Amino acid sequence: MSDHEPRTPARRDDASPAIVRHGRLRSNGAWATVTKVAASALAVVLASGSAVAAYAAFDLAATAKPTVSLGNESSLEGVPNVGAIDGGVNLLIIGSDSRAGQGDGFGDPDQETAVLNDVNLLLHISEDHSHVEVVSFPRDMLVDVPAGCTDPDTNEELWEQYDVKINTVLEYGGMPCVVKTVENLTGVSAIPFAGVVQFMGAAAISEAVGGVEVCVAEPIEDVHTDLYLDAGTHELKGLEALQFLRTRYGVGDGSDLGRISNQQVFMSALARKLQSGGTLGDPLKLYSIAKAALQNMQLSSTLVDPTMMVSIAMAAKDVDLSKIAFVQYPTAYEADFGAVIPTDSAEAVNLALQQDLPMTLDPNALDENSFASVADPNAAPVTEEPTAEVPTETEAPTETTAPEPTQQALPSDVTGQTAAETRCSAGRTLADQ
C-alpha cells in the first residue's frame with residue numbers, strides 16, 4: 001500500500017516500544033444489541049400491524065453484527081427514536097482494505113490483511129436539515145492522533161502520535177480512534193455515529209439500492225481492480241460498483257486524490273437516485289438497504305438501531321441536491337510525494353463544519369487539477385437560485401454589528417461537487433499508465 005511508516009505507537013503504562021496489532025473491533029454486548037434492535041423495531045410492527053414488518057424487525061435484529069462504543073454516546077441524550085432526527089448529524093464512514101472474510105478476489109487474506117482505513121468520509125447534516133456535506137479525507141494525509149485511544153486487542157491506553165498517515169489509525173486504535181482523530185483534525189466537538197465497511201459491504205449496499213448510473217468521459221482500464229469501462233453511461237452495482245469505487249490507476253492522474261474525485265462522481269449520482277427514485281420513501285427499499293448495512297458493516301452502538309438509521313435518512317431526504325456538497329479535504333504533497341498535508345484552506349472547511357454553515361465550492365476549482373473528474377457535456381447547466389436583495393436602510397443605525405455568516409465560501413484549492421452536478425469520470429487507459 002504505502003511506503004510511509006508511522007511512528008511506533010507506545011502505551012502509557014509500558015516504557016518499551018509496542019507492536020501495532022491488527023485492529024480487530026471489539027464486541028460490546030451482542031445479545032443486548034439484538035434485544036435493543038428487536039424492541040425498537042417492535043414500535044414499527046405495532047404501528048403497521050403488518051406481518052411483513054414483523055418479519056423485517058426480527059430479521060434485522062438477527063442480522064446486526066456486534067457493535068463498537070465510541071465513548072461519546074452521551075451527546076445523543078434526548079434524541080427521539082421516530083421521525084427525522086432532531087438537530088444535526090455527524091457520521092463517519094470508514095472503508096477498510098482488510099481482506100479478512102472477503103473471499104479470494106482481493107488477494108491473499110493472510111498476506112494482505114492490514115487493517116488500513118483507506119476511505120474516510122464525514123457526513124454532516126445541518127441542524128435545520130437544509131444542507132449536507134460529505135468531506136473526504138485522503139488516505140495518505142498526515143495527521144496527529146490524540147491521546148485517549150485504546151488498543152483494540154488489549155484495551156490498554158495508547159500514547160498520542162504525530163504526523164502519521166490517517167489510514168494507519170484504524171489498525172492502531174480501532175474505529176473510536178479514527179473518530180477521535182477526525183474530531184481533533186476538524187474541531188468538530190462530537191461525531192457520535194460511525195461505521196466500518198469492507199469490500200463486499202460496499203458491493204452489497206450498491207446492490208440494495210438497485211445500482212447507480214455513472215458517466216465515464218474516457219475509457220477506464222485498470223488491471224489492479226479488473227475494471228474496464230468504455231466511455232459513456234453505465235449502471236453499476238455489486239462487484240462492478242466496488243471496482244469503480246476502488247479504482248485509482250484507471251482514473252484522473254492515478255493518485256488517491258483522483259480516486260476521491262471519482263468516488264464523488266458515484267456518490268453524487270447515488271444521491272440523485274435516492275431522491276428521484278423515491279427510495280427514501282419506499283419501506284421495502286429502505287429495509288433492503290438497512291439489512292445490507294447491518295449485515296456488512298461494523299457499526300457504532302449508536303447506529304445499529306434501525307429507527308435511528310431511518311431518523312437520519314429522513315433528515316436528509318428533502319435536502320435540495322444543490323445543497324448536498326461532496327468536498328475533498330484540501331491537501332498538498334510533501335517534497336518527496338510520499339504523503340500529503342492539510343493546506344491553510346483546510347481551516348475554511350473546519351469552520352464550516354464547526355459553525356454548521358453550508359459550503360460553497362468555487363465552480364472553477366476542478367478545472368486546473370489533473371486528478372479531477374470532468375464536466376458532463378450532455379448535462380443541463382446548473383442554475384443558481386437568485387440571492388434576495390437586502391433592503392437599503394433609510395436611516396443610519398446608531399450601532400452596527402457584523403451579520404452572522406450564512407455560508408462558507410471555500411478557497412479555490414478546495415475541490416468537489418454538488419449532487420446537482422453530473423460529472424464524468426476522467427478515465428485512463430493502460431497506455432496512459
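How much area does the protein chain expose, and what share of it do carbon and sulfur atoms supply?

**Figure 1. Overview of the protein chain in the predicted model.** The protein chain exposes about 20700 Å², of which carbon and sulfur atoms supply 52%. Its fold comprises 9 helices and 19 strands, and buried residues account for 49% of the 433 residues. Among the contacts with a separation of 6 or more, 74% are made by residues that lie 24 or more positions apart. The count of disulfides comes to 2, and when the bonded cysteines are numbered in sequence order, the pairing reads 1-2, 3-4.

**Figure 2. Close-up of the disulfide between C149 and C177.** The sulfur atoms of C149 and C177 are 2.1 Å apart, and this pair links distant parts of the chain, with the two positions 28 residues apart in sequence numbering. C149 belongs to the loop between β4 (142-145) and β5 (161-165), whereas C177 sits in helix α3 (residues 169-186). The torsion about the S-S bond of C149 and C177 is about 85°, and the disulfide is therefore right-handed. C149 has a relative accessibility of 2% and so counts as buried; C177, with a relative accessibility of 1%, likewise counts as buried.

**Figure 3. Close-up of the disulfide between C215 and C424.** Here the S to S distance is 1.9 Å, and the torsion about the S-S bond of C215 and C424 is about 80°, which means that this disulfide is right-handed. Because C215 lies in strand β7 (residues 212-216) and C424 in strand β19 (residues 423-425), the pair ties together parts of the chain that are 209 residues apart in sequence. C215 is buried, its relative accessible area being 11%, and C424 counts as buried at a relative accessibility of 1%.

**Figure 4. Close-up of strand β3 and the directions in which its residues point.** Strand β3 (residues 132-136) is mostly covered, with 5 of its 5 residues buried. In a regular strand, side chains alternate between the two faces of the sheet. In β3, V132, V134 and S136 point one way, while E133 and V135 point the other way, and all of these residues are buried.

**Figure 5. Close-up of β3 with its partner strands β2 and β12.** Strand β2 (residues 117-125) runs antiparallel to β3 and is joined to it by 5 bridges, and within this pairing H124 has E133 of β3 as its bridge partner. The hairpin of β2 and β3 has 6 residues between the strands, and in this hairpin H129 takes a positive phi near 60°. Strand β12 (residues 324-328) runs parallel to β3, to which it is likewise joined by 5 bridges; in this pairing, S136 has Q328 of β12 as its bridge partner. The two residues of β3 named in these bridges, E133 and S136, are buried and point opposite ways from the strand.

**Figure 6. Close-up of D432 in the segment after β19.** D432 follows strand β19 in the chain, its place being in the segment after that strand. With a relative accessibility of 48%, D432 counts as partly exposed, because the cut-off for exposed is over 50%. Although D432 and Y249 are 183 residues apart in sequence, the C-alpha to C-alpha distance between D432 and Y249 is 9.4 Å.

Technical notes
Residues are numbered from 1 along each chain as its sequence is written. This is a predicted model: local features need pLDDT of at least 70, side-chain atom pairs count only at pLDDT 80 or more; totals for chains, interfaces and linings use all residues. Side-chain values use heavy atoms; hydrogens and water are left out. A disulfide is a pair of cysteine sulfur atoms within 2.5 Å. Helices (H or I, at least four residues) and strands (E, at least two) are DSSP runs, numbered from the N terminus. Buried means under 20% relative accessible area, exposed over 50%, partly exposed in between (1.4 Å probe, protein chains only). Two strands pair if DSSP finds at least two bridges between them. Contact means heavy atoms within 4.5 Å. Accessible areas come from the Shrake-Rupley method with a 1.4 Å probe; for residues, only the protein chains shown count as cover.
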